[in-house]
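Good morning, everyone, and thank you for making room for me on the agenda. Please have the sequence and the model open while I talk, so that you can find each residue as I name it.

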Amino acid sequence: MELIQYIMLGVLQGLTEFLPVSSSGHLVIAQSLIKDFQQPGLLFDVLVHFATFCAVLIYFRKKIFKLLKALAGFVFLKYRVTYFENRNMLWGVIVASIPTAIIGLYLERISEVLFSSTTYVGYALIFTSLLLVFSDRVTARGDINTPKSLLVGIMQGIAVIPGISRSGSTIAVALFLNIKRQEAAEFSFIMALPAVFGATILQAKHINSLDSLLIFPYSMAMIAAFFSGLFAIFLMMKLVKKARLAYFAIYCLILGIITIIWL
């Protein structure tokens, strides 16, 4: 596979990770169209996901720093005010990570099979389109809390299935639970950090089996995913305020049908 193809896959990951169109589903489709693409397990996908993980750290660095200070508020009294100001988001991320980890580890057993089937991806994309259509009709005005974050976390665990957009499905569920659009998008991006970091650790075992000739192209793909991811976050935060997820729903529906019929 040529270097430009690795870079294109990295850009694809960065753009689709934060837009509600399923980055993993697009990677499956793209990889099925690239002849002789090989990787040790899911290592390539996890590495470019880690690159977008870093993009989230950079974009939301101020909010994440506040959450870390809030976490320190358990021990240090001087951070108590920060804790009470951010406790809903903090506990939301912690609680959401529990069902995500449990469901994700269970589905990880069959994820390699799902990653090899474009048909499954097609049906999952159609499911994503339905979520987006219905969520677009919701007017949400509430805030995140522990019970709501638990349900959103369950959806994030299910979204390990390629074709189900993690950002799209979690934002949709958050809107169904009456969480404001801006907060729903922000929570969706930040709560993914523990899950992506955990997946990176699990797949780190494959690094030793990576051909040394692939280190440079994989690194270039990660860089491409990082910068395109930053751009996508900026764009998504603008679009989510306008409640226009139906546009992405149409795209997912069309791509899902094409995938099932022709790929």
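I will go through the cysteines, then a patch on the surface, and then a pocket.

Please keep in mind throughout that this is a predicted model.

Let me begin with the cysteines, where a search of the whole structure finds zero disulfides. Two cysteines are worth looking up by their surroundings: Cys54 has a relative accessible area of 23% and is therefore partly exposed, whereas Cys252, with a relative accessible area of 1%, is buried, because buried means a value under 20%.

Now please turn to the surface, where Leu33, Ile250, Leu253, Ile254, Ile257, Ile258, Ile261, Trp262 and Leu263 together form a nonpolar patch with about 890 Å² of accessible area. Where does the largest share of this nonpolar patch come from? It comes from helix H11, residues 245–262, which contributes seven residues. One residue of that helix is Ile258, and its relative accessibility of 35% puts Ile258 in the partly exposed class, because that class lies between 20% and 50%.

My last stop is the second largest pocket, which has a volume of about 280 Å³. Its lining is made of 13 residues, and those nearest the centre of the pocket are Ile64, Leu67, Leu68, Val93 and Pro194. If you follow the lining along the chain, you will find that helix H3 (43–59), helix H4 (61–72), helix H5 (80–114) and helix H9 (181–203) each supply at least two residues to this second largest pocket.

Definitions and conventions:
Residues numbered from 1 in each chain as written. Predicted model: local features only at pLDDT ≥ 70, side-chain atom pairs only at ≥ 80, totals over all residues. Heavy atoms only, no water. Disulfide = S-S within 2.5 Å. Buried < 20%, exposed > 50% of the residue type's maximum accessible area, 1.4 Å probe, protein only. Patch = residues over 30% accessible without salt bridge, like charges linked within 9 Å, V, L, I, M, F, W, Y side chains within 5 Å. Areas by Shrake-Rupley, 256 points an atom, 1.4 Å probe, with all protein chains shown as cover. Salt bridge = Lys/Arg side-chain N within 4 Å of Asp/Glu carboxyl O. Helix = DSSP H or I, 4+ residues; strand = E, 2+ residues; numbered from the N terminus. 1 Å grid on protein atoms, 1.4 Å probe; cavity = no way out; pocket = protein on both sides within 12 Å on 5 of 7 lines; lining within 4 Å. Points joined across faces, edges and corners; volume = space filled by probe spheres on them.
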